Amino acid sequence: MLAGDHAKPTVPIRDRVIHLILAILVIIFISWFLRSYIFQAYKIPSGSMTETILEGDMVFSEKVSYYFEEPQAGQIVTFEDPEPGREDNRILIKRIIATGGQTVDLRDGFVFVDGKQLDEPYTQGKPSYPLVPARNVEIVYPYTVPDGYLWVMGDNRTDSSDSRYFGAVPVESVTGHAVLAYWPLNRFGILETEL
């Protein structure tokens, strides 16, 4: 060995494997933490939110804001499917129309909340008529949303099974606030809150 040459220390294979396993575990933990408490990505499976969100779009739903405040009317939320008998843990996405204590009415194709007709440009002029409710669900209009519940509707009012079908949904079933459409890139943008 010449002066100035240094032998490269060798790391035993066992140590390399341990470091690799630890790195993988850290990545899995960070991914789980972000997905459970910060945000979640969803692929939209239906056209119930057309034109705001199209079938096949990918959106991010953030969870942080709901640690500090309750969901508000106008926000687009993801939530657990309330339909009785479903066992696939399906997540739905709809717009909040009314919150606990507010009264919803559907008249002549328009939505009224607390007696005031909503201006809903996101529906593209599609009428909002009552639906035949799911089995064991009773909805009589005007309908007062119970405390701790939300009245949600799809923006595509003629092709959406929503609170008109399954009733108000518990606030605790909300999994996040949908804030960003990120795929496909030509539809990239913030999901506006309107009401």
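D81 is buried in this predicted model, with a relative accessible area of 14%. The side chain of D81 meets that of R90 in a salt bridge, with 2.7 Å from N to O. The partner, R90, has 32% relative accessibility and therefore counts as partly exposed.

**Salt bridges**

In total, the count of salt bridges comes to seven. Among them are the three set out below.

| Salt bridge | Closest N to O distance |
|---|---|
| R90 and D81 | 2.7 Å |
| E120 and R157 | 2.8 Å |
| R164 and D162 | 2.8 Å |

E120 and R157 form a salt bridge whose closest N and O atoms are 2.8 Å apart. This pair links distant parts of the chain, the two residues being 37 residues apart. E120 sits in the loop between strand 7 (116–117) and strand 8 (143–144), while R157 belongs to the loop between strand 9 and helix 2 (163–166). With 12% relative accessibility, E120 falls under the 20% limit and so counts as buried. R157, at 2% relative accessibility, is buried as well.

In the bridge between R164 and D162, both residues are buried. R164 also appears among the contacts of W151, a residue of the nonpolar core.

**Nonpolar cores**

Which residues have the most contacts inside the largest nonpolar core? They are I97, V111, V145 and W151, in a core of 14 residues. Strand 4 (91–99), strand 5 (103–107), strand 6 (110–113) and strand 9 (149–153) are the elements that each give two or more residues to this core. A second, separate core has eleven residues, including Y66, I96, F166 and V171.

W151 has contacts well beyond its sequence neighbours. Leaving aside those within four places in sequence, W151 is in contact with R95, I96, I97, A98, V104, I139, Y141, Y143, V145, S163, R164 and A168. Two of these, I97 and V145, are themselves among the residues with the most contacts in the largest core. Another, I96, belongs to the second core.

**Nonpolar surface patch**

On the surface, V26, F29, I30, W32, F33, L34, Y37, F39, V64, Y67 and F68 form a nonpolar patch. Together these residues have about 1100 Å² of accessible area. Helix 1 (residues 13–37) supplies the largest share of the patch, seven residues.

L34 lies in helix 1. Its relative accessibility is 31%, so L34 counts as partly exposed. F68, another patch residue, is found in the loop between strand 2 and strand 3 (76–80). At 70% relative accessibility, F68 counts as exposed. How far apart are F68 and E120 in sequence and in space? They are separated by 52 residues in sequence and by 27 Å between C-alpha atoms.

**The loop around T50**

T50 is placed in the loop between strand 1 (39–43) and strand 2 (58–62). Is T50 buried or exposed? Its relative accessibility is 15%, which lies under the 20% limit, so T50 counts as buried. The side chain of T50 reaches the backbone oxygen of G47 at 3.0 Å. Apart from neighbours within four places in sequence, T50 is in contact with D155 and N156.

T50 is also joined to E51 by a cis peptide bond, with omega about 5°. E51 has its place in the loop between strand 1 and strand 2.

**Other backbone features**

The peptide bond from W183 to P184 is cis too, with omega near 0°. P184 lies in the loop between strand 11 (174–183) and strand 12 (189–190).

D108 and Q124 are also of note for their backbone. D108 is not a glycine, yet has a positive phi of about 55°. D108 is located in the loop between strand 5 and strand 6. With 71% relative accessibility, over the 50% limit, D108 therefore counts as exposed.

Q124 likewise has a positive phi of about 55° without being a glycine. The loop between strand 7 and strand 8 holds Q124, and E120 lies in that loop as well. Q124, at 52% relative accessibility, counts as exposed, whereas E120, at 12%, counts as buried.

How values were computed. Residues are numbered from 1 along each chain as its sequence is written. This is a predicted model: local features need pLDDT of at least 70, side-chain atom pairs count only at pLDDT 80 or more; totals for chains, interfaces and linings use all residues. Side-chain values use heavy atoms; hydrogens and water are left out. Patches are made of residues with over 30% relative accessible area and no salt bridge: like charges are joined within 9 Å, nonpolar side chains (Val, Leu, Ile, Met, Phe, Trp, Tyr) within 5 Å. Accessible areas come from the Shrake-Rupley method with a 1.4 Å probe; for residues, only the protein chains shown count as cover. A salt bridge is a side-chain nitrogen of Lys or Arg within 4 Å of a carboxyl oxygen of Asp or Glu. Helices (H or I, at least four residues) and strands (E, at least two) are DSSP runs, numbered from the N terminus. Buried means under 20% relative accessible area, exposed over 50%, partly exposed in between (1.4 Å probe, protein chains only). A nonpolar core is a set of buried Ala, Val, Leu, Ile, Met, Phe, Trp, Tyr and Cys residues joined through side-chain atoms within 4.5 Å. Contact means heavy atoms within 4.5 Å. A polar contact is a pair of N or O atoms within 3.5 Å; within protein, one must be able to donate a hydrogen and the other to accept it, and residues adjacent in sequence count only if both atoms are side-chain atoms.
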